[in-house]
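Here's a quick walk through the fold, from strand pairing to helix packing and the chain contact. Keep the viewer open as you read.

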Amino acid sequence: MKLIAYLLPQFHAIPENDLHWGKGFTEWTNTKKAKPLYKGHHQPNEPWADDYYCLLEDRARRRQETLAAAYGLHGFCYYHYWFKGKKLLEKPLELKLRDPLSTLPFCLSWANESWTRKWDGGSHEIIQKQTYGTEKDWKEHFEYVLPFFQDSRYVRVGGKPLFVIYRPGDIGCWNEMRSLWEKLAVKNGLDGIYWVRTLGGFQAGSQKGFDASVEFEPHYTFATGSPTWRRLKTADGPHLVVDYDPLWMEILNRSIRREGEAILPGAFVGWDNTPRIGSRGQSCLGATPEKFGWYLSRQIRRAKELYRSEFLFINAWNEWAEGTYLEPDRRHGFRYLEELKKAAQGTD
Amino acid sequence: MRRTRKAEGVRTGKIPLHRQARSKLKPKPMRVRPRGSSSGRSLSGVRHAAPFRTEVGFKQQRVLLVQLLDATKWKTGMALSEQLRLLVQEVIAVDYREDLKELLALYHPDLVLLLGNGSGISHADVLALREWPRSVWWLDDDGLERPHPAGGDAKLAATQRLEFCSAYEELGAASSEMIVYPVDPDIYQPLPMKEEERADYLLLDDATPARLRWLQAMRRKHPRAKWLAGGKGWPLESVPAAADPQSRARLLNRARAVIRWSWSGTLLYEAAACGTVPFLKTLAAEPVPSNESDSCVRFRTLTGLARRLDAFERLSADEKRAASSRMLKASRFDYSHVPVLLQLLTTAFK
């Protein structure tokens with residue numbers, strides 16, 4: 001079973017974030033300023049050995065990969081940001097491409113939503129609008145990702161590079177864009193592209209042309225399951241919480257069928273986006289490394305036996321400001337990674 | 001934790017007036033007194049507080065479980081006896097060997113429970129069973145055309161077919177209730193299917209002229225839906241009737257939903273365990289719930305079926321998946337061995 005963890009590259013400063021969020025802004029900025037909102041709420045979460053890394057540094061990226069490989073991850077799925085020719089947070093991935101010591105397999109998830117001053121792609125105060133342009137722009141986009149697709153470390157299915165799209169329903173020109181990319185892929189010596197769309201916290205209507213759908217957790221369960229939300233009173237205002245165990249049980253009890261399509265099942269480490277939006281966010285109660293390991297091992301078994309999937313996608317390697325990360329921290333040490341390894345080995 | 005109270009008035013068993021008001025505010029703990037004990041007092045006269053834990057009602061009972069199930073259902077019998085041990089004090093599980101009369105005399109069970117259809121049970125054993133104060137015959141009569149004659153020999157006839165209940169009471173059972181056998185979760189479970197095997201709807205009955213007209217209308221209305229026939233006479237890809245459980249589970253897994261024009265508790269459990277949505281015709285006397293969290297989609301007429309199917313088709317892919325997931329969850333918990341055994345014990349000890 002190939003376990004892939006999403007990787008957020010927002011751990012270095014960029015001018016756009018400097019302008020809108022303050023000089024030197026990175027994901028660590030939000031993580032450090034987080035506060036506990038209720039009794040038992042653990043914030044701020046602090047990286048192990050105060051390793052507030054910068055992903056422009058080779059040492060930091062290589063260390064991530066060494067850890068990931070040592071604890072059973074097959075690869076990272078990098079978020080890739082492309083706005084009709086404008087790239088954001090592209091440097092870590094470009095540096096990885098050029099680094100011969102960076103050996104971990106990887107793939108891309110095109111995070112195709114507008115950047116706003118709200119953290120979920122809604123239309124409030126747009127920082128960078130997501131648009132798609134015309135054929136010329138799709139070609140330019142393809143030419144940018146081609147070196148990644150051609151790299152020997154890139155994750156493939158049946159020889160085709162696996163490419164995830166976060167919000168496929170937003171791409172009005174999807175059929176045309178896909179068709180062009182397929183032609184360009186073959187022209188450049190690829191067997192085609194293995195297209196994967198994300199099932200997350202938004203409606204995913206019927207859309208042809210995808211080889212598989214990946215369950216992005218816990219968003220997919222938030223959107224399609226029936227978790228029991230509770231409203232806590234906090235000094236910052238009312239705050240929604242949900243219990244970890246029933247959330248996972250919804251994932252593990254879910255019917256495997258969805259219109260006959262191939263599903264790449266998902267898993268999540270935890271959830272707490274209060275570092276980003278305070279009490280307006282949501283947090284999950286009761287997550288522990290042991291529980292994560294137990295649930296993950298069951299989901300891995302389901303992925304193999306029921307979904308017959310080669311992959312399982314974990315949210316996430318390093319979403320610190322969303323409380324879903326595998327990286328070692330001061331509170332749990334390396335226990336999440338240890339549980340990951342046990343789960344990965346136990347079901348092989 | 002036990003606490004010993006030596007306050008005023010306690011030794012006499014009377015609660016002083018100033019404590020009575022407080023005790024009325026607290027709910028009394030549920031307690032089943034052990035056999036032979038008439039009060040909560042120890043021999044020393046000291047009154048102990050009510051036990052901290054609650055005892056489940058059947059935990060004092062001894063059950064003699066006699067297996068008459070078909071050899072292919074050995075796992076069901078074994079699983080039931082194991083799960084029954086969680087609920088009662090003692091289970092004596094035996095295969096039937098024409099010695100029921102002797103076993104009853106030897107063990108004096110509180111309840112004798114027979115599993116299966118009773119073919120080959122001796123006359124002497126039938127008489128002994130009829131005289132026993134508390135007995136259940138849990139018949140495996142789903143595939144039978146008429147009620148099994150053994151259903152009249154026990155005090156309670158537990159049947160797979162709701163429509164057989166009154167017949168069993170006429171045969172001599174004091175009462176009859178539909179209690180469906182739980183399915184084997186090792187066999188009836190979601191299985192991955194290839195795209196070419198997949199269908200949307202599986203029709204598990206034979207065609208009739210009215211049903212054929214109904215199908216024609218549905219195919220016009222939902223041209224993309226793929227249909228499979230598990231019965232005769234349909235102008236569809238037909239699959240042979242699946243005799244063994246493994247083939248049956250595979251067949252159920254091929255479809256997103258299964259439609260049957262007659263009620264079957266067994267099919268409900270099997271389909272739900274496979275994550276397949278069952279559309280089942282209710283019996284005339286039963287109300288048709290409109291609640292989406294029901295474990296199956298029920299209908300009474302062809303028009304009602306069409307309406308429910310239309311509503312199902314209008315759901316998005318994720319809504320359909322969520323509906324199947326709810327039914328799958330319900331079948332795992334509600335139709336598994338312990339809840340079904342509790343239903344049986346509650347009825348038997350009413």
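Two strands count as paired if DSSP finds at least two bridges between them. Keep that in mind for this predicted model: in chain B, strand β4 (residues 135–138) and strand β5 (residues 156–159) pair in the parallel sense over 3 bridges. Look at Trp137(B) and you'll find its bridge partner in β5(B), namely Ala157(B).

That pair sits inside something wider. Chain B has an open sheet of 6 strands with parallel pairing, in the order β2-β1-β3-β4-β5-β6. The edges are β2 (90–95) and β6 (175–178) of chain B; each has a single partner strand, so one side of each is left without a neighbour in the sheet. On average, neighbouring strands of this sheet are turned by 20° against each other, ignoring direction.

Now over to chain A, which has 11 helices and 18 strands. Is its strand β9 (residues 194–199) enclosed or open? With 6 of its 6 residues buried, β9 of chain A is largely enclosed by the rest of the structure. In a regular strand, side chains alternate between the two faces of the sheet. For β9(A), both faces are covered: one side has Tyr194(A), Val196(A) and Thr198(A), the other has Trp195(A), Arg197(A) and Leu199(A), and all of these are buried. Yes, that list of buried residues includes Arg197(A). Strand β8 (residues 160–165) of chain A runs parallel to β9(A) and is joined to it by 4 bridges. Across that pairing, Leu162(A) stands opposite Tyr194(A).

Zooming out on chain A, 44% of its 348 residues count as buried. Its C-alpha atoms fill a box of roughly 60 × 50 × 40 Å along the principal axes. The radius of gyration is 19 Å, which agrees with the value near 20 Å that a compact globule of 348 residues would have. As for how the chain connects to itself, take the contacts between residues at least 6 apart in sequence: 72% of them join residues at least 24 apart.

Next, helix packing. Two packed helices are described by the angle between their axes and the distance between the axes. Here are two pairs, one from each chain.

| Helix pair | Axis angle | Axis distance |
|---|---|---|
| α8 (residues 244–252) and α10 (residues 289–305), chain A | about 5° | 10 Å |
| α2 (residues 74–84) and α11 (residues 337–348), chain B | roughly 70° | within 10 Å |

The angle in the second row makes α2(B) roughly perpendicular to α11(B). On the α2(B) side the contact is made by Ala79(B), Leu80(B), Gln83(B) and Leu84(B), and on the α11(B) side by His337(B), Val338(B) and Leu341(B). By class, that contact has 5 nonpolar, 2 polar and no charged residues.

In chain A, α8(A) and α10(A) are roughly parallel to each other. Tyr244(A), Asp245(A), Trp248(A), Ile251(A) and Leu252(A) come from α8(A), while α10(A) brings Lys291(A), Tyr295(A), Arg298(A), Gln299(A) and Arg302(A). By class, this contact has 5 nonpolar, 1 polar and 4 charged residues.

Finally, the place where the chains meet. Here 16 residues of chain B are in contact with 16 residues of chain A. Which helix gives the most to the chain B side? Helix α10 (residues 317–334) of chain B does, with 9 residues. By class, the side of chain B that touches chain A has 5 nonpolar, 4 polar and 7 charged residues.

Conventions
Residues are numbered from 1 along each chain as its sequence is written. Chains are lettered from A and ligands numbered from 1 in the order in which they are written. This is a predicted model: local features need pLDDT of at least 70, side-chain atom pairs count only at pLDDT 80 or more; totals for chains, interfaces and linings use all residues. Helices (H or I, at least four residues) and strands (E, at least two) are DSSP runs, numbered from the N terminus. The radius of gyration is taken over C-alpha atoms; the globule rule is 2.2 Å times the number of residues to the power 0.38. A residue is buried if 20 or more other C-beta atoms lie within 10 Å of its own, exposed if 12 or fewer, and partly exposed in between; C-beta atoms are placed from the backbone. Two residues are in contact if their C-beta atoms, placed from the backbone, lie within 7 Å. Ala, Val, Leu, Ile, Met, Phe, Trp, Tyr, Cys and Pro count as nonpolar, Asp, Glu, Lys and Arg as charged, and the others, Gly among them, as polar. Axes are lines fitted to C-alpha atoms, for helices over the stretch in contact, and angles run from 0 to 180 degrees between N-to-C directions. Angles under 35 degrees count as roughly parallel, over 145 as roughly antiparallel, 65 to 115 as roughly perpendicular and the rest as oblique.
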